[in-house]
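Got the model open in your viewer? Let's walk through it together, one selection at a time.

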Amino acid sequence: MHSDLNFTLLGLSAPLLEAIADQGYKTPTAVQLKAIPVVLKGKDLMAAAQTGTGKTAAFTLPVLERLIKGQRAQANQARVLILTPTRELAAQVGESVATYSKYLPLRTAVVYGGVKINPQMMALRKGVDILVATPGRLLDLFNQNAVRFKQLEILVLDEADRMLDMGFIHDIRKILAVLPKHRQNLMFSATFSDDIRQLAKGLVHQPVEFSVNPRNTTAKTVSQWIHPVDKKKKTALLIHLIKKNNWQQILVFCRTKQGANRLTRYLEEAGLNAAAIHGNKSQGARTRALAEFKAAELSILVATDIAARGLDIDQLPLVVNFDLPNVAEDYIHRTGRTGRAGASGQAVSLVSADEFDQLSDIEHLIKQLLKRKLIDGFEPVHDVPESKLWRKPKKPKKPKKPKAGHRDGQRSSENAQGHKLGHKPPGNKKSKPKSKKVTDSKKTAAKKRRSRD
Ligand code: AMP
């Protein structure tokens, strides 16, 4: 049996080491080195780690190790609950669990909305060692007595920041209320905002806390640049770049679902092989598009931020930002789709003059000015001004007092995305005031984002 020395030293047993070796992993990543010993000791954990750092294996491997011991799950019980914000991420975590547990006699189920509930109820009937779930569907199943948590040993909250962004706080609190008090808690989040810390207070106990990527940095292995271009020429420029560079497998980000649909149509009309993935698509269509993209049968996947969150596609060479995101942190999440676990990648953004505010926020957040490349025939008439990295830093936001009659984290369209957009955009009282036009356009954009993906 082949096993890797480094993983061996972490205290994982043979069936796990063999599964790791099958994956070709040579050494543990930083988050794995830090998290695995903590989880094996049974301690609570709060880790700031982005997708792409190997965080899924960082919690799955030691969780599986702990599950080898202990009582098997009884009917309708789950021993480990992994909560994820999106269906895609749930499916992906489920795949990782299956991969790493293939030499172990453990039962796993993955449950999420948008598909029939009956097969999920059947899967839970005999009890499962690991249950991967999105919050809404889990509550539906709980309310129908399909799942119980008497035997729950470990709770994992994956991408906690995105759970809050998507307005899941209310569901999470409901779920926490039905879990046994004595359990191990592992919380993973790209960043630790005030809201996340607030959530953590009622969740983790004396956690070991660490961060593997310094906050708000993009992976070093990703080369990034922008193409300044006029808005109305973006589609033509993208088609030109794809054809000229013979780009084969690219993930393209759009700000809105409508924008993603429109762009996909134009790409198809230009003879390119593209599909859109966003919240208005059926789960079947989303799963199919992702599978085809992973199998390289589809070359261009056009996605919105929430749909793409957590997508893990091996060796994704290129990410294109057709629009810049309104929330600067999303730029980091987007570029995180490429250059994963040490592989190199490229992140290209098409930027028009009206996106200067977003560009400036991003460059300020990542503390670097992005390289600019003009493309012959696409030089913009409307210039994209240079941002200044030495502008006054944004003031850290104060925790908001909840408004009367509006509970914290209400699962409503009013609150989805509210945690990031609720605070004042750059240009709060002390910094340079923004023109009314810009503020209005941000408000409209915020409104658009609130329609849940
Ligand atoms: P994640 O951050 O969990 O989304 O993982 C990102 C990617 O890294 C996945 O494709 C994993 O298969 C891969 N990966 C995880 N751990 C390792 C490792 N130790 N060595 C190489 N690749 C890894």
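Start by selecting residues 1-5, where pLDDT stays under 50 in this predicted model. The model has 13 contacts beyond four places in sequence for residues 1-5. Now jump to residues 402-453, another stretch over which pLDDT stays under 50; here the model has 58 contacts beyond four places in sequence. Where pLDDT is low, the predicted coordinates should not be read in detail. With that in mind, color the chain by pLDDT: the mean is 83, and 79% of the residues reach 70 or more.

Next, zoom out and show the cartoon. You should find 18 helices and 14 strands in the protein chain. Of its 453 residues, 44% count as buried. Among the contacts with a separation of 6 or more, 76% link residues 24 or more positions apart.

Time to go inside. Which residues have the most contacts inside the largest nonpolar core? Select Ala35, Leu81, Leu131, Val132, Ala133, Val156 and Met187 to see them; the core itself has 71 residues. Center on Leu81 and look around: leaving aside residues up to four places away in sequence, Leu81 touches Leu131, Ala133, Leu152 and Leu155. Another core, of 40 residues, lies apart from this one, and Val222, Phe253, Ala274 and Val319 are among its members.

Now select strand E3, residues 108-111, and turn on side chains. In a regular strand the side chains alternate between the two faces of the sheet. In E3, Thr108 and Val110 point one way, while Ala109 and Val111 point the other way. Are these four residues buried or exposed? All are buried.

Add strand E4, residues 128-133, to the selection. E3 and E4 run parallel and are joined by four bridges. Look across from Val110 and you will meet Val132 in E4, one of the residues with the most contacts inside the largest nonpolar core. To follow the connection, show helix H6, residues 118-125: the chain passes from E3 through H6 to E4 in a right-handed β-α-β crossover.

For the last stop, select helix H10, residues 194-201, and look down its axis. Which of its residues are buried? They are Asp195, Ile196, Leu199 and Ala200. These buried residues lie on the same side of H10 because they cover an arc of only 140 degrees around the axis. Rotate to the face turned away from that buried side, and you will find the exposed residues Arg197 and Lys201.

Conventions:
Residues are numbered from 1 along each chain as its sequence is written. This is a predicted model: local features need pLDDT of at least 70, side-chain atom pairs count only at pLDDT 80 or more; totals for chains, interfaces and linings use all residues. pLDDT is the predictor's confidence in each residue, from 0 to 100. Two residues are in contact if their C-beta atoms, placed from the backbone, lie within 7 Å. A residue is buried if 20 or more other C-beta atoms lie within 10 Å of its own, exposed if 12 or fewer, and partly exposed in between; C-beta atoms are placed from the backbone. Helices (H or I, at least four residues) and strands (E, at least two) are DSSP runs, numbered from the N terminus. The arc is that of the directions from the helix axis to the C-beta atoms. A nonpolar core is a set of buried Ala, Val, Leu, Ile, Met, Phe, Trp, Tyr and Cys residues joined through C-beta atoms within 7 Å. Two strands pair if DSSP finds at least two bridges between them. A crossover is right-handed if, with the strands pointing away from the viewer, the path from the first strand over the helix to the second runs clockwise.
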